[in-house]
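This report goes through a nonpolar surface patch, a set of salt bridges, the cysteines and the surroundings of two strands. The sequence and the structure come first.

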Amino acid sequence: MRYSIIIPVYNRPDEVDELLQSLVAQRFTDFEVVVVEDGSSLPCDDRIEKYRDRLEIHYYRKPNSGPGQSRNYGADKSRGEFLIVLDSDCVLPPGYLLEVEKELRRAPADAFGGPDRAHDSFTPVQKAINYAMTSFFTTGGIRGGKRKMDKFYPRSFNMGIRSDVYRALGGFSRMRFGEDIDFSIRIFKGGYRCRLFPEAWVWHKRRTDLKKFFKQVHNSGIARIDLYKKYPESLKVVHLLPAVFTLGVVFVLLAVALGCVWSLSLLLLFALIIFVDASLKNKSLKIGVLSVFAAFIQLIGYGTGFLRAWWKRCLWGKGSFSAFEKNFYE
């Protein structure tokens, strides 16, 4: 067996259906599918049955423990030479596995990952969130599939790794969020070869509304400090920018309240840049407007999570579980 595709799922039966449908359409067929139901109240067992005669599929149910531990559970049940971890809200183009195979035959890799894109069928909000998560103006393009970067850290929505390397590293940690970056850091620390496969991209639906998006990026900001506490060298300047932006927004609003209305022009200029760029890339003024909101939410959500975690963990010295019991497992 060449590939084992591992899909943890929590209350997303319709999305699993779409992902499995895209797996049926793959032009490279030497793979199995391992779906791990992570304590869902809305199981996807009926969706799984639809594909029994078209896919080599294995379905497991377990108590809720978070995505990282569910991936480990699936890895223990898998037989593939390579494990490919996907989020349940992804859809694959028909040539996805062919591109992975092509890259592996071109040059060896112990681990790899690919970028994500927005499908034409996605809602305007989903497209705006996708823009905010991949744009140079919000994330520096580090999640947009850039070819030139010092190191590429695969994310769990689209990550592959040799099964023996996965087991040698002990799989994902017990972190609730940021566990994929933690795993990628350990890949590099273990001396393994990790590459970006730029054409092995997926359609990633991300969150369906801006409130859920804020919660997601806020937790990511918390996770970044958690990672810093484990690996101080992992903190880069780019990780500080959302916090700087958040503080800048606060100072601008205070300045406006004190009568310095001109300072608001800085935020308006940033919003204009986002609006124009997102509108042109998506060919939609509506998505351009929504992207402005998504960009501010992405930066402020991450920035507030980062600052909150820095205050509790670095200044007050609390552990990750005691500081954020609702966000992380012990």
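Helices here are DSSP runs of H or I with at least four residues, numbered from the N terminus. The model is a predicted one.

## Nonpolar patch

In this numbering, helix 11 supplies the largest share of the nonpolar patch, with 5 residues. The patch covers about 690 Å² and is made by Phe 136, Phe 137, Leu 269, Leu 272, Ile 273, Val 276 and Leu 280. Two elements, helix 6 (136-139) and helix 11 (264-282), each give two or more residues to the nonpolar patch. Ile 273 lies in helix 11. Its relative accessibility is 33%, and Ile 273 therefore counts as partly exposed.

## Salt bridges

Side chains of opposite charge can pair when their charged atoms come close. Over the whole structure, the search finds 28 salt bridges. Three that involve helix 4 are listed here.

| Pair | Closest N to O distance |
|---|---|
| Glu 99 and Lys 102 | 3.5 Å |
| Arg 105 and Glu 101 | 2.8 Å |
| Arg 195 and Glu 103 | 3.0 Å |

How far apart in helix 4 are Glu 99 and Lys 102? They are 3 residues apart in helix 4 (residues 96-106), so about one helical turn separates them. Glu 99 is partly exposed, at a relative accessible area of 21%.

Arg 105 and Glu 101 are 4 residues apart in helix 4, and therefore also separated by about one helical turn. Is each partner of this pair buried or exposed? Arg 105 has a relative accessibility of 66% and counts as exposed. Glu 101 is buried, with a relative accessible area of 6%.

The salt bridge between Arg 195 and Glu 103 has N and O atoms 3.0 Å apart. This pair links distant parts of the chain, with Arg 195 in strand 9 (residues 194-196) and Glu 103 in helix 4, 92 residues apart. Both Arg 195 and Glu 103 are buried. Elsewhere, salt bridges that share partners join Arg 2, Glu 81, Glu 101, Arg 105, Arg 162 and Asp 164 into one network.

## Phe 28

Two members of that network, Arg 2 and Glu 101, are also in contact with Phe 28. Phe 28 sits in the loop between helix 1 (13-24) and strand 2 (31-38). With 16% relative accessibility, Phe 28 counts as buried. Which residues does Phe 28 contact, leaving aside its neighbours within four places in sequence? They are Arg 2, Tyr 3, Leu 97, Leu 98 and Glu 101. Between Phe 28 and Gly 301, which are 273 residues apart along the chain, the C-alpha atoms are separated by 39 Å.

## Strands 1 and 2

Strand 2 follows the loop that holds Phe 28. Strand 2 is mostly covered, with 8 of its 8 residues buried. In a regular strand the side chains alternate between the two faces of the sheet. In strand 2, Phe 31, Val 33, Val 35 and Glu 37 point one way, while Glu 32, Val 34, Val 36 and Asp 38 point the other way. All of these residues are buried.

How many bridges join strand 1 (residues 3-9) to strand 2? There are 7 bridges, and the two strands run parallel. Ser 4 stands opposite Glu 32 of strand 2.

## Tyr 60

Tyr 60 belongs to strand 3 (residues 57-62). At 22% relative accessibility, Tyr 60 counts as partly exposed, because the cut-off for buried is under 20%. Apart from neighbours within four places in sequence, Tyr 60 is in contact with Val 34, Val 35, Val 36, Glu 37, Tyr 73 and Lys 77. Among these, Val 34, Val 35, Val 36 and Glu 37 are buried residues of strand 2. Tyr 60 and Pro 8 are 52 residues apart in sequence, and their C-alpha atoms are 9.7 Å apart in space.

## Cysteines

A disulfide is a covalent bond between the sulfur atoms of two cysteines. How many disulfides does a search of the whole structure find? The search finds 0 disulfides. Cys 260 is partly exposed, at 32% relative accessibility. Cys 314 is also partly exposed, with a relative accessible area of 28%.

Definitions and conventions: Residues numbered from 1 in each chain as written. Predicted model: local features only at pLDDT ≥ 70, side-chain atom pairs only at ≥ 80, totals over all residues. Heavy atoms only, no water. Salt bridge = Lys/Arg side-chain N within 4 Å of Asp/Glu carboxyl O. Buried < 20%, exposed > 50% of the residue type's maximum accessible area, 1.4 Å probe, protein only. Contact = heavy atoms within 4.5 Å. Disulfide = S-S within 2.5 Å. Patch = residues over 30% accessible without salt bridge, like charges linked within 9 Å, V, L, I, M, F, W, Y side chains within 5 Å. Areas by Shrake-Rupley, 256 points an atom, 1.4 Å probe, with all protein chains shown as cover. Pairing = 2+ DSSP bridges.
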